[in-house]
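This report describes a small set of features in one protein model. Please look at the sequence and the structure before reading on.

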Amino acid sequence: PPDINELNLPKTCEIDFSDQDDLLHFRLLICPDEGFYKGGKFVFSFKVGQGYPHDPPKVKCETMVYHPNIDLEGNVCLNILRWATATPGVATATSGVTTAESGSPFAPRDPAGWD
C-alpha cells in the first residue's frame with residue numbers, strides 16, 4: 001500500500017492523522033478555491049470502523065456550515081459516501097470533499113441515508 005505521505009490530495013485539502021499509528025481516525029481540512037464556499041475552511045473528522053468497507057465511515061463536519069448534506073450537528077449524510085465504501089478510505093474521504101466543495105442545492109440530503 002502507498003505511504004500516507006504519498007497521498008495525492010487536491011491542493012484545496014489537507015489531511016491530519018493526529019496519531020500516525022491510527023489510520024482509521026483522521027481529520028480533513030477543505031479550503032475551496034471556487035464556488036459558493038470559496039475562501040471557507042471546513043474541517044471534517046472521519047472514524048473508520050472495523051466493519052469497513054461494508055460499513056461506511058462516520059463523518060462529521062466540525063465547522064458550522066449550511067449545506068444540504070450536513071445537519072445542524074455536523075453529521076454528513078451518509079448516502080453520499082455509501083457508494084464509495086468498497087474503495088480505499090482516502091477515496092471515500094475525497095468523495096466527501098467533492099460533495100463539500102460543490103454546495104449543490106440539487107443534491108439534498110436523503111433522510112433515509114442518515115446513520
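H25 has K47, a residue of β3, as its bridge partner. The model is a predicted one. The strands β2 and β3 run antiparallel and are joined by six bridges.

How are the strands of the sheet ordered? The sheet is open, has four strands and follows the order β1-β2-β3-β4, with antiparallel pairing. Strands of a sheet pair through backbone hydrogen bonds, and the pairing can be parallel or antiparallel. Which strands stand at the edges? They are β1 (13-16) and β4, and each of these has a single partner strand, so one side of each is left without a neighbour in the sheet. From one strand to the next, the twist averages 20 degrees.

Aromatic rings are the next topic. The count of aromatic pairs comes to four. One of them is formed by F26 and F46, which are stacked, with 4.8 Å centre to centre and 5 degrees between the planes. F26 belongs to strand β2 (residues 25-30) and F46 to strand β3 (residues 42-47), so this pair ties together parts that are 20 residues apart in sequence. Another pair, F36 and Y37, is edge-to-face, with 5.1 Å centre to centre and 90 degrees between the planes. F26 and F46 also belong to an aromatic cluster, together with F17.

Are the residues of these two pairs buried or exposed? A residue counts as buried under 20% relative accessible area and as exposed over 50%. The table gives the value for each residue.

| Residue | Relative accessible area | Class |
|---|---|---|
| F26 | 6% | buried |
| F46 | 3% | buried |
| F36 | 71% | exposed |
| Y37 | 9% | buried |

In the stacked pair, F26 is buried because its value of 6% is under 20%, and F46 is buried because its value of 3% is under 20% as well. In the edge-to-face pair, F36 is exposed at 71%, whereas Y37 is buried at 9%.

The last residue to consider comes from a database record. Which residue does UniProt list for "active site"? The unreviewed entry lists C77. In the model, C77 is placed in the loop between β4 (58-61) and α1 (79-82). C77 has a relative accessible area of 0%, so C77 counts as buried.

Definitions and conventions. Residues numbered from 1 in each chain as written. Predicted model: local features only at pLDDT ≥ 70, side-chain atom pairs only at ≥ 80, totals over all residues. Heavy atoms only, no water. UniProt positions renumbered as here; feature names shortened; annotations may be inferred. Helix = DSSP H or I, 4+ residues; strand = E, 2+ residues; numbered from the N terminus. Buried < 20%, exposed > 50% of the residue type's maximum accessible area, 1.4 Å probe, protein only. Phe/Tyr/Trp six-rings, centres within 6.5 Å; stacked < 30°, edge-to-face > 60°. Pairing = 2+ DSSP bridges. Axes fitted to C-alpha atoms, helices over the stretch in contact; angles between N-to-C directions.
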